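Hi there,

Here is the structure I promised to pass on. Have a look at it first, and then read on for what turned up.

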Amino acid sequence: MDNKKAAAMFKAFCDENRLRILELLREGERCACSLLEEMQIMQPTLSHHMKILCDAGVVVGRKEGKWMHYSISEEGLREVRRCLDYFTEHSDRIDERSCCKE
């Protein structure tokens, strides 16, 4: 597992504004102008959050005219799920490197 990529993915989910953006994108692709209006934030703030979401691979953007249109990346979400499974999967095997010996 690439820990740098994993940290970027988890960072994408660690802000209530980004979670709200993801909530809005669940309904389908949205124009940045629509997100700005719905979120009642300034364009630089939206750009900051979208960069984090896009860098994490969770959201993809495409330019149409002067506006960006964003949607959730299904492949990105599959990668997040794989990452979460990797870090939370429990192993029943005994770790021989344990410092406590009985």
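In helix 3, the buried residues are A32, L35, L36 and M39, where buried means under 20% relative accessible area, exposed over 50% and partly exposed in between (1.4 Å probe, protein chains only). Helices (H or I, at least four residues) and strands (E, at least two) are DSSP runs, numbered from the N terminus. Looking down the axis of helix 3, you will find these buried residues within an arc of 100°, so they line one face of the helix; the arc is that of the directions from the helix axis to the C-beta atoms. An α-helix has 3.6 residues a turn, so residues three or four places apart point the same way. The cover over the buried residues of helix 3 includes helix 2, strand 1 (30-31), helix 4 and strand 3. After helix 3 comes Q40, with a positive phi near 55°.

Please keep in mind that this is a predicted model: local features need pLDDT of at least 70, side-chain atom pairs count only at pLDDT 80 or more, and totals for chains, interfaces and linings use all residues. Residues are numbered from 1 along each chain as its sequence is written, and side-chain values use heavy atoms, with hydrogens and water left out.

On the overall layout, the chain has five helices and three strands, in the order α-α-β-α-α-β-β-α from the N terminus. Of its 102 residues, 30% are buried.

Now to the core. The largest nonpolar core (buried Ala, Val, Leu, Ile, Met, Phe, Trp, Tyr and Cys residues joined through side-chain atoms within 4.5 Å) has 24 residues, and L46, M50, V58 and V59 touch the most other members. Elements giving two or more residues to this core are helix 1 (3-12), helix 2 (16-25), helix 3 (32-39), helix 4 (43-55), strand 3 (67-72) and helix 5 (74-88). Neighbours within four places in sequence aside, V59 has contacts (heavy atoms within 4.5 Å) that include L22, L25, M50, Y70 and I72.

What about the outside? The accessible surface of the chain (Shrake-Rupley method, 1.4 Å probe; for residues, only the protein chains shown count as cover) is about 7,500 Å², with 51% of that belonging to carbon and sulfur atoms. M1 lies in the segment before helix 1 and is partly exposed, at a relative accessible area of 42%.

Happy browsing, and do write back with any questions!
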